[in-house]
Structure formats: structure tokens, C-alpha cells
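Trainee: I should like to learn how to read the features of a structural model in order. May we take them one at a time?

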Amino acid sequence: NVYLVVYSTALSSFIVATELVIPTASMAAKTKTKVLKFDSEEDVAVALAKYTADLSEKYVKQKGSFSVVLSGGTLIDTLRKLVESPYKDSVDWSKWLIFWVDERVVPLDHEDSNYLLAYRGFLSKVPIPASNIYAINDKKSPEDAADDYEERLKHLVESKILPVSDVTGFPKFDLMLLGMGPDGHVASLFPSRQHRYEKKRWVTFITDSPKPPPPRITFTFPVINSASEIAMVITGADLADTTKIALGDGQTPGSTPLPCCEVSAEGELTWFLDKDAASKL
Ligand SMILES: O=C(O)[C@H](O)[C@@H](O)[C@H](O)[C@H](O)COP(=O)(O)O
């Protein structure tokens with residue numbers, strides 16, 4: 001099925017996105033997957049802002065808060081339209097809770113920190129209460145930082161600030177905003193590293209990430225896949241081959257399956273692709 005959806009934007013212009021409904025063998029079959037293809041990265045940014053603001057309104061109405069899990073990498077820049085008019089003023093930022101799907105274990109003011117990246121490009125521009133922003137404890141080793149983050153999530157579940165999934169028992173975030181690497185990694189779950197198969201922990205760690213810097217903590221797949229909504233935000237020609245694999249049959253001949261093929265959501269998984277990333281579909 002291929003059909004057109006028209007998104008009206010804040011700029012009262014229109015963006016035409018091709019929505020591909022793809023039956024994927026690679027992604028958990030139960031997941032409702034939507035693939036949105038845009039003409040440019042700028043159009044992805046406009047659509048992502050509207051998608052996120054709409055979900056914020058829906059979840060704040062439904063449950064009184066909106067939990068958002070950020071990635072590092074290019075995602076924060078692609079979120080840039082969300083901190084502009086009209087969303088800057090219309091979104092109820094006081095109800096947002098911010099988490100990181102993965103974080104580099106460096107001081108929060110270090111250039112490699114995903115927190116710092118998000119602070120500069122996003123968090124410093126909107127009034128999310130500081131107490132709702134869950135950065136890692138940067139004074140700890142990777143192992144201890146992962147334990148600490150998991151403990152804090154457990155505490156939020158106990159205090160009923162975060163719900164758990166009825167299906168999996170893992171914490172259920174409203175929205176995960178994920179990027180993907182050319183090697184098919186998502187969060188800090190890399191194809192060649194065993195922690196991608198972790199089934200019990202909520203948060204785990206790695207000290208030899210193939211993408212620098214080496215020490216990182218990361219949500220595990222059971223937590224990622226318990227989210228209500230997931231956006232895979234993928235732009236650029238260097239991701240075209242991996243996107244084709246992820247949205248095709250998921251097979252990389254002769255090698256390990258890619259982590260990006262294991263992403264599923266309890267509600268809806270939406271791929272936001274620019275023309276370059278979608279060029280091989
Ligand atoms: O800390 C990180 O490195 C990120 O959180 C990582 O998981 C990122 O999302 C992907 O590597 C995609 O990165 P790009 O968007 O830069 O391609």
C-alpha cells in the first residue's frame with residue numbers, strides 16, 4: 001500500500017509525505033509501523049515537531065504528563081522546530097519528563113555528553129522543570145551509572161510517576177526518539193556487543209563502544225520496546241543501506257542481525273525518513 005498524507009504545518013504551508021505501509025518481516029510483526037518519507041531533512045524536522053507536539057497534547061490530556069526519551073547524535077538538531085513558534089508557547093512543557101535512551105559516561109559539561117547536546121539545542125530553550133530532567137549521575141563508573149539510572153527509574157515506577165507495561169512489566173515511556181547508526185545500532189546497542197541481547201536489566205552499560213566515546217549506558221531492548229510510541233528519525237544518504245535492510249526482510253547476508261530491526265513499540269512505530277535515507281527503498 002502506498003498513499004499520500006498531507007501534513008499542514010505551523011507555517012501554513014504543506015508538506016507532502018509519502019506514507020509507505022510496509023509489511024516488515026524484520027520488525028516485530030505485532031508493531032504498527034508507519035514509514036514517512038519526506039523531500040528534505042527540513043521537512044522531516046517540521047513534521048517531527050508537529051508529531052511530538054501532538055503526542056504531548058494527547059498524553060498530557062490522557063495521563064497528566066508526557067515522558068520523552070532522547071537520543072544523542074543528529075536527533076537534537078532535527079528536533080529544532082519544536083523549540084520554535086508555535087510549539088514553544090503552545091506545548092505544556094511543565095508536564096514533560098525527559099530521559100535518555102543512552103548516554104556517554106563523561107561529565108555532563110563535556111562536549112561528548114548527550115545531556116549537554118540536548119541542553120544546548122533543546123532543554124535550555126523551553127521551560128521544562130529542572131527536576132523533570134533525568135540526566136545520568138556523571139560521577140559514577142559506567143556500571144554504577146547504569147545501576148543508578150535503573151534504580152531511579154524503579155523509584156519513579158514505585159512513586160507512580162512512570163507506568164509499567166501490562167504486557168512486559170518494563171517501564172512504559174510515552175515517546176522514544178531514536179536515531180540509528182550506519183552499522184544498525186540504536187541507543188548504544190551495537191550489533192557486535194552482547195548487551196544488545198540483555199533481557200532482564202532496564203539499563204545496562206558498555207565500556208568498549210565501537211562509536212566513541214567507549215563508556216556508555218543504555219536502555220535495553222525490553223525497555224525500548226515497551227514504549228507507547230517510537231520515532232525512528234533517520235536522515236542522510238549514509239543510512240540508506242541500513243534503512244533498506246531494516247524496512248526490508250531484515251537480513252544482512254552472512255552477518256549478525258541488526259539491532260535496528262528489533263525495534264518495536266506497544267503503540268506505534270513511525271519512521272521519519274528524508275529522501276536520501278529512503279533512496280534505496
Ligand atoms: O550517543 C549516541 O551516540 C546516540 O544516542 C546514538 O545512539 C545515536 O542516536 C546514533 O548513533 C545515531 O547517531 P546520528 O543521529 O548522529 O547518526
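Mentor: Let us begin with the ligand; a residue is near a molecule if its C-beta atom, placed from the backbone, lies within 6 Å of it. The ligand is surrounded by 15 residues, of which the closest are Ser71, Gly72, Gly73, Thr74 and Gly179. This is a predicted model, in which local features need pLDDT of at least 70, side-chain atom pairs count only at pLDDT 80 or more, and totals for chains, interfaces and linings use all residues. Residues are numbered from 1 along each chain as its sequence is written.

Trainee: How many residues of each class does the shell around the ligand have?

Mentor: Ala, Val, Leu, Ile, Met, Phe, Trp, Tyr, Cys and Pro count as nonpolar, Asp, Glu, Lys and Arg as charged, and the others, Gly among them, as polar. On that basis the shell holds 3 nonpolar, 9 polar and 3 charged residues.

Trainee: How many helices and strands does the chain have, and what percentage of its residues count as buried?

Mentor: Helices (H or I, at least four residues) and strands (E, at least two) are DSSP runs, numbered from the N terminus. The chain has 7 helices and 11 strands. A residue is buried if 20 or more other C-beta atoms lie within 10 Å of its own, exposed if 12 or fewer, and partly exposed in between, with C-beta atoms placed from the backbone. Of the 281 residues, 44% count as buried.

Trainee: Which way do the residues of β4 point?

Mentor: Phe66, Val68 and Leu70 point one way from β4 (66–70), while Ser67 and Val69 point the other way, and all are buried. Since 5 of the 5 residues of β4 are buried, this strand is largely enclosed by the rest of the structure.

Trainee: Which strands pair with β4?

Mentor: Strands of a sheet pair through backbone hydrogen bonds, either parallel or antiparallel. Here, two strands pair if DSSP finds at least two bridges between them. β4 pairs with β5 in the parallel sense over 5 bridges, and Leu70 has Trp100 of β5 as its bridge partner. β4 also runs parallel to strand β7 (residues 175–178), to which 2 bridges join it; there, Val69 is partnered by Met176.

Trainee: Where do the buried residues of helix α4 lie around its axis?

Mentor: An α-helix has 3.6 residues a turn, so residues three or four places apart point the same way. In α4 (residues 114–121) the buried residues are Asn114, Tyr115, Leu117 and Ala118. They cover an arc of only 165 degrees around the axis, which puts them on the same side of α4; the arc is that of the directions from the helix axis to the C-beta atoms. Their cover includes β4, α2 (75–78), β5 (96–100) and β6 (102–104).

Trainee: What is the strand order in the open sheet of 3 strands?

Mentor: The order is β6-β9-β8, with antiparallel pairing. β6 and β8 (203–206) stand at the edges with a single partner strand each, so one side of each is left without a neighbour in the sheet. From one strand to the next, the twist averages 20 degrees. Axes are lines fitted to C-alpha atoms, for helices over the stretch in contact, and angles run from 0 to 180 degrees between N-to-C directions. β8 and β9 (residues 216–219) share 4 bridges, and Thr204 stands opposite Thr218 in β9. Helix α5 (residues 142–158) packs on the sheet and touches β8 and β9, its direction making about 165 degrees with that of β8. Two residues are in contact if their C-beta atoms, placed from the backbone, lie within 7 Å.

Trainee: Which residues does Met232 touch?

Mentor: Met232, in strand β10 (residues 229–234), is buried, with 26 other C-beta atoms within 10 Å. Not counting residues up to four places away in sequence, Met232 touches Leu178, Met180, Val263, Leu269, Trp271 and Phe272. Met232 and Leu178 are 54 residues apart in sequence, yet 4.9 Å apart in space, C-alpha to C-alpha.

Trainee: Are the residues Lys160 and Ala187, with their positive phi, buried or exposed?

Mentor: Lys160, in the loop between α5 and β7, has a positive phi of about 65 degrees although it is not a glycine. Lys160 is exposed, with 7 other C-beta atoms within 10 Å. Ala187, in the loop between β7 and β8, has a positive phi of about 50 degrees and is buried, with 28 other C-beta atoms within 10 Å.
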